[in-house]
Amino acid sequence: MTSANKPAPDSEITLRVNGKPHTLHIDNRRTLLDLLREDLGLTGSKKGCDHGQCGACTVLADGRRVNSCLLLAVALDGSEITTVEGLGGDGEEPHPLQRAFLDRDAFQCGYCTPGQICSAIGMIAEAAAGHPSQVTDPATPSGRPVPLDRSEIRERLSGNLCRCGAYPRIVEAVEDVIR
């Protein structure tokens, strides 16, 4: 209830989550993270800080990485959302980056891993589209793919925290996929 004892405003939205359409009637204040975890049972994305500072909640919205704890689900009506659970397609084989994380032991406790993987997938797409980062060589032609070396990977993933310190292995896993 709002302060005037009126029901909270709500809306019907449709999201395509991991390739499947979902039409939901939700409170307009509901975050994408809460919708994914509580309404759809997709618990891969984690609630770490609930302030968009740790990256544990990172998912892909229309192919771009986003902090799902900061986004109101109602603002994403009609969007394609991909969570770590949807990366493997039909579920038979893991996504190449998921495989690389396993092969490189790029996780320890695993809490941040879903966000790290979704962020890395988004980061690879951003670099391929020519989006520069803080460490991109200024001589790189505008709009051309940005080569991903270790410093680019580290900079572009710096918004995703790993409390266990698996950063070197995470970088190696990303390198395995882009090479």
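Reader: In the hairpin of β3 and β4, which residue takes a positive phi?

Author: That is D62, with a positive phi near 55 degrees. The model is a predicted one. The hairpin of β3 and β4 has two residues between the strands.

Reader: How do β3 and β4 run, and how many bridges join them?

Author: They run antiparallel, and four bridges join them. Strand β4 covers residues 64–67, and β3 covers residues 58–61.

Reader: What stands opposite T58?

Author: N67, which belongs to β4.

Reader: Is there another hairpin to look at? Which residue has the positive phi in the one made by β1 and β2?

Author: N18 has a positive phi near 50 degrees there, in a hairpin with two residues between the strands. Strand β1 (residues 10–17) and strand β2 (residues 20–27) run antiparallel and are joined by eight bridges. D10 stands opposite D27 in β2.

Reader: Change of topic. What are the domains?

Author: The protein chain is divided into domain 1, residues 10–86, and domain 2, residues 96–178. Their C-alpha centres lie 22 Å apart.

Reader: How many residues are in contact across the two?

Author: 16 residues of domain 1 are in contact with 16 residues of domain 2.

Reader: And what area is buried there?

Author: About 1,300 Å² is buried between domain 1 and domain 2, and carbon and sulfur atoms give 53% of that. On the domain 1 side, C54, R65 and V84 supply 44% of the area buried against domain 2, more than any other three residues.

Reader: Why quote an area at all?

Author: Because the accessible area lost when the parts come together is often used to give the size of an interface.

Reader: R65 was in that trio. Which residue forms a salt bridge with R65?

Author: E126 does, and the closest N and O atoms of the pair are 2.9 Å apart. The count between domain 1 and domain 2 is one salt bridge.

Reader: How many residue pairs are in polar contact across the interface?

Author: Eight pairs, with both residues at pLDDT 80 or more. On the side of domain 1 that touches domain 2, strand β3 gives the most, with three residues. The residues of that side divide into five nonpolar, eight polar and three charged.

Reader: Back to salt bridges. How many does the structure hold?

Author: The structure holds 12. One more example is the pair E80 and R16, whose side chains meet at 3.6 Å, N to O. This pair links distant parts of the chain, with E80 in strand β5 (residues 80–82) and R16 in strand β1, 64 residues apart.

Reader: What about L70, where is that found?

Author: L70 is in the loop between β4 and β5.

Reader: Which residues does L70 touch?

Author: Leaving out residues up to four places away in sequence, L70 touches H51 and G52.

Reader: And how far apart are L70 and Q108?

Author: They are 26 Å apart in space, C-alpha to C-alpha, and 38 residues apart in sequence.

Definitions and conventions: Residues are numbered from 1 along each chain as its sequence is written. This is a predicted model: local features need pLDDT of at least 70, side-chain atom pairs count only at pLDDT 80 or more; totals for chains, interfaces and linings use all residues. Side-chain values use heavy atoms; hydrogens and water are left out. Domain bounds come from an automatic or database domain assignment. Contact means heavy atoms within 4.5 Å. Buried area is the accessible area (1.4 Å probe) that two parts lose on being put together, summed over both. A salt bridge is a side-chain nitrogen of Lys or Arg within 4 Å of a carboxyl oxygen of Asp or Glu. A polar contact is a pair of N or O atoms within 3.5 Å; within protein, one must be able to donate a hydrogen and the other to accept it, and residues adjacent in sequence count only if both atoms are side-chain atoms. Ala, Val, Leu, Ile, Met, Phe, Trp, Tyr, Cys and Pro count as nonpolar, Asp, Glu, Lys and Arg as charged, and the others, Gly among them, as polar. Two strands pair if DSSP finds at least two bridges between them.
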